[in-house]
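Dear colleague,

I am passing on to you the structure we talked about, and below it I have set out what was found in it. Please keep the structure open while you read.

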Amino acid sequence: MKLINIGFGNMINAERMIAIVSPDSSPVKRMITEAREQGNLIDATCGRRTRAVIITDSNHVILTYLQTETVANRMDENVNLQKEGFDE
């Protein structure tokens, strides 16, 4: 299991991530509302503005204050470390 830091010491399993999207579009806002109603929303923003929404294969929606590019870069760093033989 490879973990990605999504801010404030919160970590998620990189292997369960399906998408990293911007929270600005109407469909994503609807997805956040539906996840909140179903109890599948995880708010990891610690009161900050949501800048990225992470969708998992278990239908959980995770909010983070990090930008989508930052989360993607951290995922790429994790993949590169795996290729080089370093396991965190």
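Which residue in strand 5 stands opposite Met17? It is Thr56 that faces Met17 there, although I should say at once that this is a predicted model, and everything that follows should be read with that in mind.

To place that pair in its setting, the protein chain holds 2 helices and 6 strands, and from the N terminus on its elements follow the order β-β-β-α-β-β-β-α. Of the 88 residues in the protein chain, 33% are buried, and the accessible surface comes to about 5600 Å², with 46% of that area belonging to carbon and sulfur atoms. Among the contacts with a separation of 6 or more, 51% are made by residues 24 or more positions apart.

Strand 5 deserves a closer reading. Because 5 of the 5 residues of strand 5 (residues 52–56) are buried, this strand is largely enclosed by the rest of the structure. Side chains in a regular strand alternate between the two faces of the sheet. In strand 5, Ala52, Ile54 and Thr56 point one way while Val53 and Ile55 point the other way, and all of them are buried. Strand 5 pairs with strand 3 (residues 17–21) in the antiparallel sense over 4 bridges, and 4 bridges also join strand 5 to strand 6 (residues 61–64), again with the strands running antiparallel. Within that second pairing, Ile54 has Ile62 of strand 6 as its bridge partner, and in the hairpin of strand 5 and strand 6, where 4 residues lie between the strands, Asn59 takes a positive phi near 65°.

Ile54 and Ile62 also belong to the largest nonpolar core, which has 10 residues in all and includes Ile4, Ile6, Ile12, Met17 and Val71. Apart from that core lies another one of 8 residues, among them Val28, Ile55, Val61 and Leu63. If its neighbours within four places in sequence are left aside, Ile62 is in contact with Ile6, Ile12, Ile42, Ala52, Val53, Ile54 and Thr56.

Turning to the surface, Met1, Leu3 and Met11 form a nonpolar patch there, with about 330 Å² of accessible area together. Met11 is found in strand 2 (residues 11–13), and it counts as partly exposed because its relative accessibility is 44%, a value between the 20% below which a residue is buried and the 50% above which it is exposed.

With best regards

Terms used: Residues numbered from 1 in each chain as written. Predicted model: local features only at pLDDT ≥ 70, side-chain atom pairs only at ≥ 80, totals over all residues. Heavy atoms only, no water. Patch = residues over 30% accessible without salt bridge, like charges linked within 9 Å, V, L, I, M, F, W, Y side chains within 5 Å. Areas by Shrake-Rupley, 256 points an atom, 1.4 Å probe, with all protein chains shown as cover. Salt bridge = Lys/Arg side-chain N within 4 Å of Asp/Glu carboxyl O. Buried < 20%, exposed > 50% of the residue type's maximum accessible area, 1.4 Å probe, protein only. Pairing = 2+ DSSP bridges. Core = buried A, V, L, I, M, F, W, Y, C linked by side-chain atoms within 4.5 Å. Contact = heavy atoms within 4.5 Å.
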